[in-house]
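Biologist: Could you take a close look at one part of this model for me? I'd like to go through the charged residues and how they are placed, and then see the setting around them.

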Amino acid sequence: MTDQTREEYGASAEAIEHHYGTGNDYFSLWLGETMAYSSALWDDDDEHQSLDDAQRAKIHYHCEQARADKAKSVLDIGCGWASVLMPLANHYKVDNVVGLTLSESQETWINGLNHPNVEARLESWKDHDASAKYDSIISIGAFEHFAKLGSTSEEKVEFYREFFRKCHGWLDSKGHMSLQTVAYGNALPGSFDPFLAAEIFPETDTPFLAEIAKGCEHLFHVMTLRNDAEHYRRTLRAWYNNIRQNRARCVELKGEEEVARFEKYLRLCSYMYEVGGLELYRITFRKIDNPKRF
Ligand SMILES: C[S@@+](CC[C@H](N)C(=O)[O-])C[C@H]1O[C@@H](n2cnc3c(N)ncnc32)[C@H](O)[C@@H]1O
């Protein structure tokens with residue numbers, strides 16, 4: 001891959017901050033206690049489950065899939081507001097917890113918590129230089145930003161492959177990685193909604209499952225794959241309801257126009273899950289140490 005292509009793929013830091021830099025106080029009004037900004041993992045048999053409980057279930061699911069209980073060093077790619085970093089350090093007792101984000105406000109926020117075992121870096125995975133191998137990798141809700149809208153499927157596969165190559169290099173022998181990403185369902189290529197592309201998530205496209213599979217070929221075993229599309233619909237509805245309940249304060253912080261924009265985005269994405277346009281994959285990978293010819 002040339003340097004020029006390398007710079008072109010995925011959302012830029014400016015595009016990321018356009019969305020995530022809209023204010024920590026604002027996001028804390030509707031994301032809930034965990035500040036997790038990705039689909040929760042809901043109990044299908046419990047219609048009264050709270051968003052915070054379902055988010056905690058999601059966090060533990062990924063930590064378990066990544067084998068964090070046995071890990072000394074874990075990388076979280078696209079760490080948001082530390083929803084996974086803090087449980088890794090506090091609950092799973094991981095000594096070295098590193099989070100990557102492209103959002104300056106998230107990095108400042110996390111490092112301001114001053115946890116001795118947690119470090120947030122304002123850095124893209126493309127530029128990450130690991131000083132030692134990680135035992136586990138987790139990446140939740142960031143993969144969606146790794147290819148730009150307008151890229152061909154072949155280009156997307158090459159970008160994803162570069163991501164998997166890097167993760168492969170950073171992971172220790174037989175290391176596990178737990179990934180969560182939105183993907184296209186019954187939508188045709190290039191169906192990313194124009195409103196979302198222009199006003200909410202610039203420079204972003206979503207993968208197809210086949211592109212993810214092609215990207216990790218010969219590098220990772222796929223150990224488990226689940227599709228929890230309905231869980232994202234439920235999460236989006238919970239966020240929307242939280243905004244409605246805290247609307248006056250949200251408007252005070254962001255103004256009427258911005259809050260209405262977020263409400264539209266949450267309703268639109270919820271509809272996309274309802275009609276099968278989007279999927280929510282949680283995939284567990286195990287590193288292939290030496291691909292062989294049998
Ligand atoms: C939707 S948030 C998810 C945050 C968190 N994982 C969670 O579940 O709450 C996406 C995160 O991906 C990060 N991100 C996007 N592109 C990235 C890149 N190229 N390298 C590192 N982080 C990136 C953003 O900065 C943001 O923290």
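Modeller: Here is a walk through the charged side chains, starting from one arginine and ending with the overall picture.

Bear in mind that this is a predicted model. Let's begin with Arg161, which sits in helix α7, residues 153–170. What is odd about it is that Arg161 is buried yet has no salt bridge. The nearest side chain of opposite charge is that of Glu158, and it is 5.4 Å away; the cut-off for a salt bridge is 4 Å. As for what Arg161 does touch, leaving aside residues up to four places away in sequence, you'll find a run of neighbours: Lys214, Gly215, Cys216, Glu217, His218 and Leu219.

Stay in helix α7 for a moment and look at Lys156, which does have a partner. Lys156 forms a salt bridge with Asp205, with 3.5 Å between the closest N and O atoms. Asp205 belongs to the loop between α8 and α9 (209–216), so this pair ties together parts of the chain that are 49 residues apart in sequence. Both of these residues are buried.

Now on to Arg261 and Glu199, another salt bridge, where the closest N and O atoms are 2.9 Å apart. This one also links distant parts of the chain, as Arg261 is in helix α12 and Glu199 in helix α8, 62 residues away. Here neither end is buried: Arg261 is partly exposed at 22% relative accessible area, and Glu199 is partly exposed at 34%.

For a local pair, go to helix α10, where the side chains of Glu230 and Arg233 meet in a salt bridge at 2.8 Å, N to O. These two are 3 residues apart in the helix, so about one helical turn separates them. Their surroundings are not alike: Glu230 is partly exposed at 41% relative accessibility, while Arg233 is buried, with a relative accessible area of 13%. There is a network to see as well, in which salt bridges that share partners join Arg244, Arg247, Glu256 and Glu263. In total the structure holds 19 salt bridges.

While you have helix α10 in view, pick out Asn241, which is found there too. Asn241 counts as partly exposed, at 37% relative accessibility. Its C-alpha atom is separated by 12 Å from that of Lys264, a residue 23 places away along the chain.

Two more positively charged residues are worth a stop for their backbone. Arg67, in the loop between α4 and β1 (73–77), has a phi near 60°, a positive value in a residue other than glycine. Arg67 is partly exposed, with a relative accessibility of 33%. Lys174 also has a positive phi, of about 60°, although it is not a glycine. Lys174, though, lies in a strand, β5.

So much for the charges; next comes the nonpolar side. The largest nonpolar core has 42 residues, and the members that touch the most others are Trp30, Tyr37, Trp239 and Tyr265. Several elements give two or more residues to this core, including α4 (51–65), α8 (194–200), α10 (229–245) and α12 (256–274), along with strands β5 (171–184) and β7 (278–287). Another core lies apart from it, made of 28 residues, among them Leu75, Phe143, Met177 and Ile283.

Stepping back, the chain has 12 helices and 7 strands. Its radius of gyration is 18 Å, close to the 19 Å that the globule rule gives for 294 residues, so the chain is as compact as a globular protein of that length. Along its principal axes, the C-alpha trace spans about 60 × 45 × 40 Å. Buried residues make up 56% of the 294 in the chain. Of the contacts between residues at least 6 apart in sequence, 74% join residues at least 24 apart.

Last, a word on confidence. The mean pLDDT of the chain is 93, and 96% of the residues reach 70 or more. Residues 1–6 are another matter, as pLDDT stays under 50 there, and the model has 8 contacts beyond four places in sequence for that stretch. Where pLDDT is low, the predicted coordinates should not be read in detail.

Note on methods: Residues are numbered from 1 along each chain as its sequence is written. This is a predicted model: local features need pLDDT of at least 70, side-chain atom pairs count only at pLDDT 80 or more; totals for chains, interfaces and linings use all residues. Side-chain values use heavy atoms; hydrogens and water are left out. Helices (H or I, at least four residues) and strands (E, at least two) are DSSP runs, numbered from the N terminus. Buried means under 20% relative accessible area, exposed over 50%, partly exposed in between (1.4 Å probe, protein chains only). Lys and Arg count as positive and Asp and Glu as negative; His and the chain ends are not counted. Contact means heavy atoms within 4.5 Å. A nonpolar core is a set of buried Ala, Val, Leu, Ile, Met, Phe, Trp, Tyr and Cys residues joined through side-chain atoms within 4.5 Å. pLDDT is the predictor's confidence in each residue, from 0 to 100. The radius of gyration is taken over C-alpha atoms; the globule rule is 2.2 Å times the number of residues to the power 0.38.
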